[in-house]
Amino acid sequence: MTNPLLAPWEGPFELPPFDAIHDEDFAPAFEAGLTEARAAIAAIAGNTEPPTFANVIEALELAEGTLDRVAGVFYNLAGADSTDAREALMRDLAPRMSAFSSEVTNNKALFAKVETLWQGREALGLSPEQARVLELYRQMFVRSGALLDGAEAERLTEVKSRLAVLGTRFSQNILAEERTWFMELAEEDLEGLPDFAVAAARAAGAEKGVAGPVITTSRSLIVPFLQFSPRRALREKAYEAWVARGANGNDHDNRAIAAEILKLREERAHLLGYASFADFKLEPEMAKTPAAVRDLLMRVWAPARARAEADAKVLEAMLHADGIAGPLEPWDWRYYSEKRRKAEHDLDEAALKPYLSLEAMIAACFDCANRLFGLEFHALDVPMYHPDARAWEVTREGQHVAVFIGDYFARGSKRSGAWCSAMRSQKRLGQDVRPIVVNICNFAKGDPALLSYDDARTLFHEFGHALHQMLSDVTYGFISGTSVARDFVELPSQLYEHWLEVPEVLETHAKHWQTGAAMPADMLKRLLDAGTYDQGFATVEFVASAMVDLAFHEGAAPADPMQKQAEILAELGMPHAIRMRHATPHFAHVFSGDGYSSGYYSYMWSEVMDADAFAAFEETGDAFDPETAAKLERFILSAGGSRPAEELYLEFRGRMPGVEALLKGRGLLDAA
Ligand SMILES: [Zn+2]
């Protein structure tokens, strides 16, 4: 019998034949894909003809066709609908796939061809997109160490593998700390906690094997406790345990690991010829240099700190009114802030939800895409990988654009969180390939499913990523869709969230699912106002973490990261009652792998751009201004990585973004 993953897909839109694919088909299909890719790469490297863009770069683009096709299906299923067999295969594939990619970047004959093309690029007559693709391929090789030989190359391999071990240990230590610590609560200690927090505390107690409710350091449990519990001594105890994760002097202490990681990253950067690890990491990003990152963070810091200090005074007065002397402490902030929020902006979530049915919010999402980009969505009746997954054909003026799959409900077989991925990316090389784009969420299932406002925002966020994939219009898969700089990739998604805040969108779509009545005006106003609440606090805890991350990777690696952290916070003038969002010994973004090392700033970098980009619409007086939407599509949503991010942004906006729109969005402008 033929393997359905390897046979041609002849159904509608060449969708994967989900009803015919079985778990046991994946391993042989990966095997076939890897064999085919290795043979193709050996043929490219061994080609005796002189290197050309077609016989090196375009050949590389086509070398992994089968592998891409199989991986596109497999990794989507493994994340959205895992089984034991899929998990076992994931574990088995991880080292093999990383070995394969090292094989490619360490292939000297292959790199020599890329380098020859690069050195002679002026004479190749390349289109701008081809020149960019060549540049990015060469950069991939060079950043992996292709220019190194002998002892230096060997040392780089050692450093990378030691870093992989340390990163894994760092995460496992945090997990161990989080598993070990819990605080038992007496029945009277549940005072003030909302029902959902009580239920979570009881469930956590049952899981720990104790009779009563407990608080653990899981964010979803400890944050509500800090918000709602009037018991100050318990809040302090829980808070101190939460922020001490990874720094308890036991077997799971991460402080020495953090120091070793920073030292090895510095060495890696030096081997590759960079002044610091931050310089290495930021080179392919939009920010480019540590100085640019610092400049942005400091422009946000001053107004955020001013707002936080002003808020601290209000909260401290509330503390004193409760008969407690002394300063406001970090374990008091969330409690008094929640009391203040309730007084000033109370919003009844239970009353809100009936206006936010999943069906209504999907319709709102699609309607905005129709008004902005002329896209139309038609429900498809095709086999899916799970009964909850739904598919739509996306068209424009009758032309096929993409297939969009929405898989919205939480289930045991799904990873937590929300994400967007392309089961198949857009490209034109070889043949015109239209994308299959998937949005995965973890909303509670119901009849009908009703969303919180945060859920609705997540729906819009992931759909913004989906637009970046669906509207992609490039020749080469290497730069398709969301294949852009890390500090640029959240722009389309965070930008799309802004349309949920356009009052007419909720006025039109947020209808009570039973009565069809529009959302009351007062509820809508409270909802839209709540977005700026307590942003002084949120911004300060974020920027402090981002500044420490940056300082760790610039210049010489600190021998004692904890001391360095203390110095940076003192220099910043950190408010007494706020601590870093993630302290060093459990700062997983930075130490559990390379992903966000000297990159934690990127969330805020993207927010600066999305706020500024949405202001481009607001300035026209029309949130759906067709001309601005056309520019957004032309220069950002369709462009993928075909040009550097800053050039794309400049084309769209006519200037680089300032921080004013972000400060306004966070309600910090008057604090500046
Ligand atoms: Zn995102």
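## A tour that starts in a loop

Begin by selecting serine 598, which is placed in the loop between α24 (588–591) and α25 (602–618). Helices (H or I, at least four residues) and strands (E, at least two) are DSSP runs, numbered from the N terminus. The model on the screen is predicted, so local features need pLDDT of at least 70 and side-chain atom pairs count only at pLDDT 80 or more, whereas totals for chains, interfaces and linings use all residues. Residues are numbered from 1 along each chain as its sequence is written, and side-chain values use heavy atoms, with hydrogens and water left out.

**Serine 598 and glutamate 397**

Most residues other than glycine have a negative phi, and most peptide bonds are trans. Serine 598 is not a glycine, yet its phi is positive, at about 40°. Is serine 598 buried or exposed? Serine 598 counts as buried because its relative accessibility is 2%. Buried means under 20% relative accessible area, exposed over 50%, and partly exposed in between (1.4 Å probe, protein chains only).

Next, select glutamate 397, in the loop between β4 (390–396) and β5 (399–409). Glutamate 397 also is not a glycine and has a positive phi, of about 45°. With 75% relative accessibility, glutamate 397 counts as exposed.

**The whole chain**

Now zoom out to the full protein chain, which has 28 helices and seven strands. Its C-alpha atoms fill a box of roughly 85 × 65 × 55 Å along the principal axes. The radius of gyration is taken over C-alpha atoms, and the globule rule is 2.2 Å times the number of residues to the power 0.38. For 672 residues a compact globule would have a radius of gyration near 26 Å, and the protein chain, with 26 Å, agrees. Of the 672 residues, 54% are buried. Contact means heavy atoms within 4.5 Å. Among contacts between residues at least 6 apart in sequence, 73% join residues at least 24 apart.

**The zinc ion**

Select the zinc ion. Which residues coordinate the zinc ion? They are His461 (NE2), His465 (NE2) and Glu490 (OE), at 2.1 to 2.2 Å. Donors are N, O and S atoms within 2.8 Å of the metal (3.2 Å for Na, K and Ca); water is not among the atoms, so sites may look incomplete. In sequence, the donor residues follow the spacing H-x3-H-x24-E. Histidine 461 and histidine 465 are about one helical turn apart, because four residues separate them in helix α17 (residues 453–470). Both of these histidines, 461 and 465, are buried.

Step back along the chain to proline 448, in the loop between β7 (436–443) and α17. The peptide bond that joins aspartate 447 and proline 448 is cis, with omega about 0°.

**Phenylalanine 617**

Select phenylalanine 617 in helix α25. Phenylalanine 617 is buried, since its relative accessible area is 0%. Leaving out residues up to four places away in sequence, phenylalanine 617 touches eight residues that can be displayed in turn: Leu372, Trp499, Asp622, Ala623, Asp625, Thr628, Ala629 and Leu632. For a distance across the model, add serine 416: phenylalanine 617 and serine 416 are 201 residues apart in sequence and 34 Å apart in space, C-alpha to C-alpha.

**Two arginines and an aspartate**

Select arginine 526 in helix α21 (residues 521–529). Its relative accessible area is 29%, so arginine 526 is partly exposed. Which residues are in contact with arginine 526, leaving aside its neighbours within four places in sequence? They are Glu344, His345, Asp346 and Leu347. Between arginine 526 and aspartate 348 there are 9.9 Å in space, C-alpha to C-alpha, although they are 178 residues apart in sequence.

Move to arginine 86, in helix α4 (residues 84–105). Arginine 86 counts as buried, as its relative accessibility is 13%. Not counting residues up to four places away in sequence, arginine 86 touches Asp23, Phe74, Leu77 and Asp81.

End at aspartate 189, in the loop between β1 (182–184) and α8 (195–208). With 12% relative accessibility, aspartate 189 counts as buried. Residues up to four places away in sequence again set aside, aspartate 189 touches Phe225, Arg231 and Leu234.
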